[in-house]
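Here's a quick briefing to read alongside the model. Have the sequence and the coordinates open, and take the points topic by topic.

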Amino acid sequence: MPELPEVETIRRDLLPLVKGRAIAAVEFPPDPRGLRLLRRYPSAAAFARRLRGRRIIDLRRRGKYLLFVLDSGEVLIVHLGMSGRLFLSRPSDAPPAHLRAVVRLRTGGALAYTDPRKFGEFYLFSAARKETAVNPFLLGPEPLGKDFPAGRLRGALDGRRAPLKAVLLDQKAVAGLGNIYSDEALFRARLDPRRRADRVRAGEIRALHRAIRAVLSEAIRARGTTAEDGGYRDGFDRAGSFQLRLRVYQRKGRPCPRCRTPIRTARIAGRTSHFCPKCQT
DNA sequence: ATTGGGACCTGCTCGC
DNA sequence: TGCGAGCAGGTCCCAA
């Protein structure tokens with residue numbers, strides 16, 4: 001569910017709430033299998049023990065991962081999978097459905113993590129280790145960052161015979177794009193998602209580069225996309241608004257905003273892609 | 001090495 | 001009303 005703009009919105013919401021505050025307790029009720037911890041952790045209890053008392057000194061984002069930087073030198077990493085939500089929990093409320101974890105802060109307040117589909121994961125890395133093996137860090141460039149010039153996108157597409165859409169979904173090519181924003185960026189760049197990546201010309205790559213950055217920036221401003229099934233919520237458990245600005249995603253059969261041709265879909269790399277068959281070539 | 005397909009989960013909608 | 005099929009924002013693992 002959550003792609004870069006959704007994760008970034010949650011980060012911005014939660015940062016002022018958690019920065020500088022210590023973790024009082026982490027609870028994984030009551031079936032710890034409802035949340036995948038990093039495999040090498042023997043138990044949820046051991047995981048929680050490592051976190052207790054640690055101070056959160058920063059909250060960062062890398063691709064679709066949230067990184068709680070701790071004063072111990074460790075980093076608590078949260079990936080929301082398809083259906084994860086991480087939000088400020090109000091104690092007056094009844095416990096939310098599909099609650100998988102609670103992070104209580106020492107000065108009061110708590111974060112709730114819910115996830116019906118259980119694809120989300122928590123990781124705990126030492127700072128030294130985080131750059132190695134395991135992986136959230138084996139990601140491609142941040143598309144909104146300084147190290148993502150158009151040439152970097154060109155390098156990512158170079159030599160890849162897979163469809164453009166498949167490469168955009170590859171987190172090693174560019175970090176943070178998912179099904180929604182890949183489709184929306186390809187529409188804005190007027191590129192057919194089925195095009196072989198290595199056959200996209202330089203001018204088209206520049207248009208795609210611009211489109212990726214524009215759509216992600218606009219989606220962050222709109223606080224993310226809460227699509228038809230309503231899965232995503234921000235750090236305060238509220239919906240986003242970018243669904244109102246989607247041009248092709250979940251608009252099958254509706255007129256293309258540019259040429260009125262009905263939007264169609266195709267299965268690419270195992271995912272449904274939405275595009276205009278006339279103006280995306 | 002790259003690519004595509006299935007697996008992992010649950011909930012919801014649709015058609016019969 | 002009930003039930004199975006199909007689908008959903010992501011990633012990993014495996015075989016070709």
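A residue counts as buried if 20 or more other C-beta atoms lie within 10 Å of its own, as exposed if 12 or fewer do, and as partly exposed in between. Arg271 has 16 C-beta neighbours inside 10 Å, so it goes down as partly exposed. Keep in mind that this is a predicted model. The points below start from Arg271 and then move through the helices, the strands and the surroundings of DNA strand B.

**Arg271 and Ala269**

- Arg271 sits in strand 11, the strand that covers residues 271-275.
- Leaving out neighbours within four places in sequence, Arg271 is in contact with Leu169 and Asn179.
- Arg271 and Gly178 are 93 residues apart along the chain, yet their C-alpha atoms are 10.0 Å apart in space.
- Ala269 belongs to the loop between strand 10 and strand 11.
- Ala269 isn't a glycine, but its phi is positive all the same, at about 50°.
- Ala269 also ends up as partly exposed, because it has 16 C-beta neighbours inside 10 Å.

**Helix 5**

- How many of the residues of helix 5 are buried? It's 10 of the 10, so the helix is largely enclosed by the rest of the structure.
- Among those buried residues are Asp183, Glu184 and Arg188, along with Ile180, Leu186 and Phe187.
- Asn179, one of the contacts of Arg271, is on the buried list for helix 5 too.
- The packing partners for the buried residues of helix 5 are helix 4 (164-169), helix 6 and strand 11.
- Right after helix 5 comes Arg190, with a positive phi near 60°.

**Helix 6 and what follows**

- Helix 6 takes in residues 202-221, which makes 20 residues. From first C-alpha to last it reaches 29 Å, close to the 28 Å expected at 1.5 Å a residue.
- Its buried residues are Ile205, Leu208, His209, Ile212, Val215, Leu216 and Ala219. Looking down the axis of helix 6, they fall within an arc of 145°, so they line one face of the helix.
- Those buried residues pack against helix 1 (4-18), helix 3 (150-157) and helix 5 (179-188).
- Arg223 follows helix 6, in the loop that leads to strand 10 (264-268).
- Arg223 has a positive phi of about 65° although it's not a glycine.
- Arg223 counts as buried because it has 22 C-beta neighbours inside 10 Å.

**Asp13 in helix 1**

- Asp13 is a helix 1 residue and is partly exposed, with 19 other C-beta atoms within 10 Å.
- Setting aside residues up to four places away in sequence, Asp13 touches Asp234, Gly235 and Phe236.
- Asp13 and Leu37 are separated by 24 residues in sequence and by 24 Å in space, C-alpha to C-alpha.

**Strands and sheets**

- One open sheet has five strands in the order 2-9-5-4-3, with mixed pairing. Its edges are strand 2 (36-37) and strand 3 (56-62), each of which pairs on one side only.
- Strand 4 (residues 65-70) and strand 5 (residues 74-79) run antiparallel, joined by five bridges. Leu66 stands opposite Val78 of strand 5.
- Strand 8 (residues 110-114) is mostly covered, with four of its five residues buried.
- Strand 6 (residues 85-89) pairs with strand 8 in the antiparallel sense over five bridges, and Phe87 has Ala112 as its bridge partner.
- Strand 7 (residues 99-105) also pairs antiparallel with strand 8 over five bridges, with Ala101 partnered by Tyr113.
- Strands 7 and 8 form a hairpin with four residues between them. Gly108, in the turn, has a positive phi of about 100°.

**Around DNA strand B**

- Which residues surround DNA strand B? They are Pro116, Arg117, Lys118, Phe119, Arg160, Arg161, Ala162, Pro163, Ala166, Ala269 and Gly270.
- By class, that surface has six nonpolar, one polar and four charged residues.
- Ala269 turns up here again as one of the residues around DNA strand B, and Ala269 is the loop residue with a positive phi of about 50°.

Methods: Residues are numbered from 1 along each chain as its sequence is written. Chains are lettered from A and ligands numbered from 1 in the order in which they are written. This is a predicted model: local features need pLDDT of at least 70, side-chain atom pairs count only at pLDDT 80 or more; totals for chains, interfaces and linings use all residues. A residue is near a molecule or strand if its C-beta atom, placed from the backbone, lies within 6 Å of it. Ala, Val, Leu, Ile, Met, Phe, Trp, Tyr, Cys and Pro count as nonpolar, Asp, Glu, Lys and Arg as charged, and the others, Gly among them, as polar. Helices (H or I, at least four residues) and strands (E, at least two) are DSSP runs, numbered from the N terminus. The expected span of a helix is 1.5 Å times one less than its number of residues. The arc is that of the directions from the helix axis to the C-beta atoms. Two residues are in contact if their C-beta atoms, placed from the backbone, lie within 7 Å. Two strands pair if DSSP finds at least two bridges between them.
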